[in-house]
Amino acid sequence: MIWKEITIHTTEEAVEMVSNFLHEAGAGGVTIEEHVDNDKPRDTSLGQWFEIPPNDIPEGEAKISGYFPEGLNIDEVIAEVRARIEELKSYEIDPGDAVITVRDVSEDDWANNWKQYFKPLRVSEKLTIKPTWEDYTPEPGEEIIELDPGMAFGTGTHPTTSLCLRTLESIVQDGDEVIDVGTGSGILAIGACRLGASKVLALDLDPVAVSSATENTRLNRLENQIQVVESDLLSVLKGEGSAEVKVKLPVRVVVANILAEIILLFIEDVYQALASGGYYIASGIYKNKEQAVQEALIAAGFELERTARDEDWVAFVARKR
């Protein structure tokens with residue numbers, strides 16, 4: 001099958017939003033390439049595997065490709081995506097030049113080739129992410145997250161995801177009930193269970209994400225512990241929707257790995273969802289939004305306990321007073 005590949009040259013800061021624009025425009029898959037420099041020293045204390053070859057993408061920039069089936073009006077898709085990218089500037093997100101190119105590709109060129117670079121990844125003292133197609137023997141005490149992320153969701157290699165997983169390891173206690181807002185592939189929900197959580201409510205408004213998270217929950221045999229629901233947090237708090245949630249509100253931990261602009265929209269909902277003394281782990285925050293999120297958390301009544309950083313990304317650990 002031949003697909004139309006729409007490629008956008010943008011910034012690392014805008015990656016999450018631009019990839020979502022392509023997905024919402026009807027992409028059958030989205031791939032993301034960021035700057036890779038294998039000469040750059042890396043922390044390998046946990047045995048991380050970095051096998052992605054170096055590329056010519058400048059540091060701080062990214063190349064995002066969306067794949068569209070034949071028959072769609074590509075000119076209309078490009079116009080829609082370009083307009084939404086332009087809107088990012090009003091949110092103080094710099095998309096760069098956002099040059100768009102189009103070419104025809106065969107399905108085999110994109111659907112499976114990326115898998116050769118996704119290897120088992122030790123992201124914390126306890127957690128290792130393992131793609132379903134790779135063989136791997138864990139060490140004693142090592143917990144495995146089986147993952148088939150699909151084309152549009154994270155593999156755990158992005159700083160925001162690894163920040164969340166490492167922070168979860170320091171916060172989650174045996175028997176905790178957790179809410180994962182914007183679950184994507186379900187990786188954080190699965191990680192929370194591997195760290196001792198008894199139940200996780202995994203929320204996402206994207207039906208494709210819900211499908212991906214549900215499948216990864218099944219692959220990890222956690223159907224009895226993880227409930228994946230197509231919803232936002234406010235709807236859960238109001239008791240709206242057809243699904244009866246299995247976690248008991250309020251919970252001890254809420255985690256969200258979403259862009260800062262989205263995090264700012266539901267901070268008060270998180271405060272309401274947390275038990276007294278509960279923890280909110282907020283990641284996906286680019287450095288230029290750090291102060292805005294920090295101020296909003298404090299204004300909502302949170303006490304900031306810790307700030308974690310990885311490259312240009314920030315994660316907050318906030319506690320309900």
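A residue counts as buried here when its relative accessible area is under 20%. Keep that cut-off in mind for the tour. What you have open is a predicted model.

**Stop 1: helix α1**

Select residues 15-24, which form helix α1. Colour V15, M17, V18, S19, F21, L22 and H23: these are the buried residues of α1. Since seven of the ten residues in this helix are buried, α1 is largely enclosed by the rest of the structure.

What does the covering? Show β1 (2-11), β2 (29-34) and β3 (61-69), which are among the elements that cover the buried residues of α1. Then add two helices that are also part of this cover, α2 (74-87) and α6 (207-219). Before you leave, click on G26, which follows α1 and has a positive phi, near 110°.

**Stop 2: the whole chain**

Now zoom out and show everything. The chain holds ten helices and 14 strands. It has 321 residues, and buried ones make up 51% of them. The chain exposes about 15200 Å², with carbon and sulfur atoms supplying 45% of that area.

Look at how the chain folds back on itself, too. Among contacts with a separation of 6 or more, 68% are between residues 24 or more positions apart.

**Stop 3: D104, meeting the start of the chain**

For an example of a contact across a long stretch of sequence, pick D104, in strand β4. Draw a distance from its C-alpha to that of I2: the two residues are 102 apart along the chain, yet the atoms are separated by 6.5 Å. Beyond its neighbours within four places in sequence, D104 is in contact with I2, W3 and K4.

**Stop 4: helix α4**

Next, select residues 159-171, the 13 residues of helix α4. From the first C-alpha to the last, α4 reaches 18 Å, close to the 18 Å expected at 1.5 Å a residue. This helix is mostly covered, with eleven of its 13 residues buried. The buried set includes P159 at the start of the selection, C164, E169 and I171.

Carry on into the loop between α4 and β8 (177-181), where you'll find Q173. Its relative accessibility is 44%, so Q173 counts as partly exposed. Measure C-alpha to C-alpha from Q173 to L195: they are 7.3 Å apart in space and 22 residues apart in sequence. Show G196, A197 and R252 as well, since Q173 is in contact with them once its neighbours within four places in sequence are left aside.

**Stop 5: T132**

Move to the loop between β6 (127-131) and β7 (143-147), and select T132. This residue is partly exposed, with a relative accessible area of 29%. The C-alpha of D148 is 5.9 Å from that of T132, with their positions 16 residues apart along the chain. Leaving aside neighbours within four places, the contacts of T132 are E146, L147, D148 and L219.

**Stop 6: the cavity**

Where is empty space left inside? Rolling a probe the size of a water molecule over the atoms shows it. A search of the whole structure finds one cavity of 30 Å³ or more. The largest cavity has a volume of about 50 Å³.

To see its lining, select E13, I93, L259, A260, E261, G284, Y286, N288, K289 and W313. Two elements, α8 (260-263) and β12 (274-286), each give two or more residues to this lining. By class, the lining has five nonpolar, two polar and three charged residues.

**Stop 7: unusual backbone**

Which spots have backbone angles worth a look? Most residues other than glycine have a negative phi, and most peptide bonds are trans.

- Select E92, in the loop between α2 and β4 (99-106). Its phi is positive, about 60°, although E92 is not a glycine. E92 is exposed, with a relative accessible area of 61%.
- Go on to E311, in the loop between β13 (302-310) and β14 (313-320). Phi of E311 is also positive, near 55°. At 52% relative accessibility, E311 is exposed.
- Finish with L249 and P250: the peptide bond from L249 to P250 is cis, with omega near -5°. P250 sits in the loop between α7 (233-238) and β11 (251-257).

Note on methods. Residues are numbered from 1 along each chain as its sequence is written. This is a predicted model: local features need pLDDT of at least 70, side-chain atom pairs count only at pLDDT 80 or more; totals for chains, interfaces and linings use all residues. Side-chain values use heavy atoms; hydrogens and water are left out. Helices (H or I, at least four residues) and strands (E, at least two) are DSSP runs, numbered from the N terminus. Buried means under 20% relative accessible area, exposed over 50%, partly exposed in between (1.4 Å probe, protein chains only). Contact means heavy atoms within 4.5 Å. Accessible areas come from the Shrake-Rupley method with a 1.4 Å probe; for residues, only the protein chains shown count as cover. The expected span of a helix is 1.5 Å times one less than its number of residues. On a 1 Å grid over the protein atoms alone, a cavity is a set of points where a 1.4 Å probe fits but cannot get out, and a pocket is an open set with protein on both sides within 12 Å along at least five of seven lines; lining residues have an atom within 4 Å of a point. Grid points are joined across faces, edges and corners, and a volume is the space filled by probe spheres set on the points. Ala, Val, Leu, Ile, Met, Phe, Trp, Tyr, Cys and Pro count as nonpolar, Asp, Glu, Lys and Arg as charged, and the others, Gly among them, as polar.
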